[in-house]
Amino acid sequence: MDAAVFSSRPYDRDALTACLRERAGADDLELHFYDAPLSAETVNLVARDTAACVFVNDRVDAGVIEHLAERGCPGVVTRSAGFNHIDLDAAQRHDLPVLRVPAYGPHGVAEHALALMMTLNRRTHRAYNRVREGNFRLDGLMGFQMHGKTVGVVGTGLIGAAVCRVLRGMGCAVLAYDTLPNPELESIGVAYCSLPELWPRCRVVTLHCPLNQHTHHLVDSETIAQMPNDAMLINTSRGGLVDTGAAYVALRQRRLGALGIDVYEEEEGLFFEDGSDDGLTDDLLARLVALPNVLITGHQAFFTREAIDNIAEATIENLRLLSDDEPVATDHPHRVHR
Ligand code: NAD
């Protein structure tokens, strides 16, 4: 079977090729790499009977799915845990299996959320620039002790649970919200509560739930109004969870203390690309980066050696599943359903 691998960067190509080389029984799999994302404009690159392998900012909407199905595509494999970029209804209508990588490295993402939190808190990003200029003054660099503070964790799946454990180790009180509470976290002192209870009680809130119709703009002007004015908001999950415009206004009006984001609602076409010749073309992003209490990374929370290798391995396994004569079992743990 052939697979068209979209949004592939050199590190994806190297890891997938190495994995394919090492894996017995996968020699009939041929990968075709494309830098471009999969979209209505690029779907023609997928030849007949070829699987589509995508990443987080590819647009696998109903039109693209229809096109793939017409060409006998055996399925869509995403090199991510999140799958909000794929129209699952359309995939189901066309009986097109969608496979993902559910757990390639939750600790790495959790650690990045902590890195954003601690950098913003202790202003190490500002200290780095000051010291390079020979400025050793401390004004404006005062942080707060995490030990004893209350941190809110929204979504306590694999990543959120890892965040909870680190925070508990740091001596933080952890308040959590999830539609499905995890008793194991309760046993280490994590207290579940409702969202209206969580917002006003937390010095820091970090988001780890998926983006769907229930969680779109989970944090908006109304929720920000319920948080303390010095609250820090961290989002390493998906950009659409936060109304970024509302967060910007709240930061300017000092109704939100700090914002650390690895994901952005308008990141498609912007993140994972080098736009340095044009500067920041997104006005809201440009206004956000100008604020000293904002820290933005370009969807790199997942990006560790371990994660890239695990993603490659699971992706080759998923493509191999699609190439089997047997249909992929509906209860396969990598298969995504509505
Ligand atoms: P997971 O499926 O293990 O956990 C998600 C948790 O969210 C589950 O416990 C689920 O019950 C909970 N949840 C569902 N709906 C909710 C709601 N309305 N309110 C509160 N909680 C809700 O997923 P994960 O592996 O922990 O990943 C979490 C998210 O992180 C993913 O959806 C993905 O979008 C994002 N992610 C980002 C990166 C990155 O590089 N920035 C990398 C991996 C994952």
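Let us start with one residue, threonine 297. Leaving aside neighbours within four places in sequence, threonine 297 is in contact with His112, Leu116, Ile261, Asp262, Val263 and Phe271. This is a predicted model, so every value here is computed from it. Where along the chain does threonine 297 sit? Its place is in the loop between β12 (294–296) and α12 (305–323). With a relative accessibility of 14%, threonine 297 counts as buried, because buried means under 20%. One of its contacts, phenylalanine 271, is 26 residues away along the chain, and the two C-alpha atoms are separated by 9.1 Å.

Now look at another loop residue, phenylalanine 83. You will find phenylalanine 83 in the loop between β4 (76–78) and α3. Is phenylalanine 83 buried or partly exposed? At 28% relative accessibility, phenylalanine 83 counts as partly exposed. Not counting residues up to four places away in sequence, phenylalanine 83 touches Leu88, Arg100 and Val336. Histidine 337 makes a nice example of folding to trace on the model: phenylalanine 83 and histidine 337 are 254 residues apart in sequence, yet 9.9 Å apart in space, C-alpha to C-alpha.

With those two residues in mind, step back to the whole chain. The chain holds twelve helices and twelve strands. Its radius of gyration is 21 Å, close to the 20 Å that the globule rule gives for 338 residues, so the chain is as compact as a globular protein of that length. Along the principal axes, the C-alpha atoms fill a box of roughly 60 × 50 × 35 Å. Of the 338 residues, 48% are buried. Among contacts between residues at least 6 apart in sequence, 66% join residues at least 24 apart.

What does the outside look like? The chain exposes about 16300 Å², and carbon and sulfur atoms supply 49% of that area. As for charge, there are 30 positive and 47 negative side chains, and the centres of the two sets lie 10 Å apart.

Two aspartates deserve a visit, since each has a positive phi although neither is a glycine. The table puts them side by side.

| Residue | Phi | Loop | Relative accessible area |
|---|---|---|---|
| Aspartate 49 | about 60 degrees | between β2 (30–33) and β3 (50–54) | 46%, partly exposed |
| Aspartate 95 | about 55 degrees | between α3 (88–93) and β5 (98–99) | 63%, exposed |

Finally, turn to the cysteines. A disulfide is a covalent bond between the sulfur atoms of two cysteines. How many disulfides does a search of the whole structure find? The search finds zero. Cysteine 19 is in no disulfide, and the nearest cysteine sulfur, that of cysteine 53, is 12 Å away. Cysteine 172 is in no disulfide either: the nearest cysteine sulfur belongs to cysteine 202 and is 11 Å away. Neither distance meets the cut-off, because a disulfide needs a pair of cysteine sulfur atoms within 2.5 Å. Cysteine 19 is buried, with a relative accessible area of 10%, and cysteine 172 is also buried, at 0% relative accessibility.

Technical notes:
Residues numbered from 1 in each chain as written. Predicted model: local features only at pLDDT ≥ 70, side-chain atom pairs only at ≥ 80, totals over all residues. Heavy atoms only, no water. Helix = DSSP H or I, 4+ residues; strand = E, 2+ residues; numbered from the N terminus. Rg over C-alpha atoms; globule rule 2.2 N^0.38 Å. Buried < 20%, exposed > 50% of the residue type's maximum accessible area, 1.4 Å probe, protein only. Contact = heavy atoms within 4.5 Å. Areas by Shrake-Rupley, 256 points an atom, 1.4 Å probe, with all protein chains shown as cover. Lys, Arg positive; Asp, Glu negative; His and termini not counted. Charge placed at Lys NZ, Arg CZ, Asp CG, Glu CD.
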